[in-house]
Amino acid sequence: MTATPAAPPTTTDDVVLEAENLTKHFPVRRGLRDLFTKERKAVHAVDDIQLTLRRGRVTALVGESGSGKSTVARLMAQLYKRTDGDIRLHGDLITVNGGRAFRAYCRRVQMIFQDPFASLNPVHTVRYHLTRALKIHGRAGNGSADLEQNLNALLLRVQLTPPERYLDKFPHELSGGQRQRVSIARALGANPEVLLADEPVSMLDVSIRLGVLNLLRDLKERLDLAILYITHDIASARYFADETLVMYAGRMVEGGDSETVTQNPAHPYTRLLIESAPDPDRLDRVGDAKDAPEDEAGGEPPSLIAPPTGCRFHPRCVHAMPKCSTDLPPRFELPLVDSGQAHWAACWLYEEGAAK
Ligand SMILES: Nc1ncnc2c1ncn2[C@@H]1O[C@H](COP(=O)(O)OP(=O)(O)OP(=O)(O)O)[C@@H](O)[C@H]1O
Ligand SMILES: [Mg+2]
């Protein structure tokens, strides 16, 4: 895999969708014992997230299982009500609770899910799924000839050619990669500006992942889409995304251009993520003490019902200082590497004067 070429500099005009202080707490159902206390427990799934999606750019959201990535995507898609925070589409504050406003929002912001088999109805053909999407979003055209042309165009756009070979197939007659392409075509039926892709390739065979990622990149470039790419796999973020954000236990811990975050990770958690990914080059260096520190951290993600105070990573962090368990670290800007794009980490190690 080669790294993505540096993306052109962005301006504020490119911003399509933004989240500010996005927070989601899921209330925990109260047990019998809790009836006698006033305490209301909640899962702190997402806390105080800032996210900006820009036209023609892919932003990767990386983190281990349970870190809150899907919750962020669902909040951005307005599928969940947020506990706090704002979502802006082209600068306008948006809150929708179903109905016509939700449909209008979906026209511009579409989501792609991890499991294409579950997201397509097994009793309906590709033609049915795509026709429905085009009709819901008023893009079916006039008459059957128009509709046929639009269906063909959607399948060509996701490189399912010739379209007539796929139109009357049922989901079970397609391969995993073809099914995911149909899901992407259905999302494109709305002619959206934003795609929220929640682990779009993690259920696919390794051999076809790259093909689907390349398709998404092609769509980003041709249709100028803003894409949120959610993944466990930080190596694929380097390959595919312009910008990478790292999440741990409901909070963002590091962000910057993908090349810098993956090649010069600053936050101890990002380093742990990278070290945990299989990398043949590193096998030669096993036993090299200098490479070990973050690996020794071990441990498990914390409970999100009572998350650790201060930095949520501190119980697992080999660099933890007394302050880390009491004070929440703000974002510290880091020295710019070649790309000239901001790189930050929410870690007390980067406070001026802190011992690194
Ligand atoms: N509907 C819900 N009700 C209660 N808790 C939830 C709900 N959805 C998610 N959670 C909790 O919120 C936290 C974040 O979940 P989320 O699915 O966003 O993580 P994720 O990063 O997408 O994980 P994965 O990589 O496994 O998909 C988890 O602790 C999860 O148990
Ligand atoms: Mg998820």
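A cavity, in the sense used on this tour, is a set of grid points where a 1.4 Å probe fits but cannot get out, and its volume is the space filled by probe spheres set on those points. The model in the viewer is a predicted one, and every value given along the way is computed from it.

**Stop one: the enclosed space**

Begin by selecting Pro268, Cys311, Cys317, Cys324 and Cys347, which are the residues lying nearest the centre of the largest cavity, out of the 15 that line it. The space in this largest cavity amounts to about 90 Å³, and the structure holds one cavity of 30 Å³ or more. If you colour the lining by residue class, you should find 12 nonpolar and three polar residues, with no charged residue in the lining of this cavity.

**Stop two: ligand 1**

Next, centre the view on ligand 1 and show the residues around it, which number 15, with Ser65, Gly66, Lys69, Ser70 and Thr71 coming nearest. Two side chains deserve a distance label here: an N or O atom in the side chain of Ser65 is 2.5 Å from an oxygen atom of ligand 1, and an N or O atom in the side chain of Thr71 is likewise 2.5 Å from an oxygen atom of the ligand. For Ser67, turn on the backbone, since what to look for there is a backbone N or O atom that lies 3.2 Å from an oxygen atom of ligand 1. Taken alone, the ligand exposes 640 Å², and the protein buries 64% of that area.

Which elements give two or more residues to the shell around ligand 1? Select strand S2 (42-54) and helix H1 (69-76) to see them; of the two, H1 supplies the largest share of the shell, three residues. By class, the shell divides into five nonpolar, seven polar and three charged residues.

**Stop three: Arg251**

Now select Arg251, which belongs to strand S10 (residues 251-257), and display Asp48 with it. The C-alpha atoms of Arg251 and Asp48 are 6.9 Å apart in space, although the two residues stand 203 apart in sequence. Leaving aside residues up to four places away in sequence, Arg251 touches Asp47, Asp48, Ile49, Val246, Arg312 and Leu328, and showing these as sticks will bring out the surroundings of the arginine.

**Stop four: an open pocket**

Move on to Cys106, Gln110, Met111, His137 and Arg186, which lie nearest the centre of the second largest pocket, among the 22 residues that line it. The volume of this second largest pocket is about 570 Å³. To follow its lining by element, select helix H2 (99-108), strand S6 (109-112), helix H4 (126-136) and helix H7 (176-188), each of which gives two or more residues to it. H4 gives the most, with five residues, and the lining as a whole divides into 13 nonpolar, six polar and three charged residues.

**Stop five: backbone details in the loops**

The tour ends with three places where the backbone itself is worth inspecting. Where is Pro162 to be found? Pro162 sits in the loop between helix H5 (143-157) and helix H6 (164-167), and the peptide bond joining Thr161 to Pro162 is cis, with omega about -10°.

Continue to Asn191, in the loop between H7 and strand S7 (194-198), where phi is near 55°, a positive value in a residue other than glycine. Finally, select Asp224, in the loop between helix H8 (206-223) and strand S8 (226-231); Asp224 has a positive phi of about 60°, although it is not a glycine.

Note on methods. Residues numbered from 1 in each chain as written. Chains lettered and ligands numbered in written order. Predicted model: local features only at pLDDT ≥ 70, side-chain atom pairs only at ≥ 80, totals over all residues. Heavy atoms only, no water. Helix = DSSP H or I, 4+ residues; strand = E, 2+ residues; numbered from the N terminus. Contact = heavy atoms within 4.5 Å. Near = heavy atom within 4 Å. Polar contact = N/O pair within 3.5 Å; in protein donor to acceptor, adjacent residues only side chain to side chain. Areas by Shrake-Rupley, 256 points an atom, 1.4 Å probe, with all protein chains shown as cover. Nonpolar A, V, L, I, M, F, W, Y, C, P; charged D, E, K, R; others polar. 1 Å grid on protein atoms, 1.4 Å probe; cavity = no way out; pocket = protein on both sides within 12 Å on 5 of 7 lines; lining within 4 Å.
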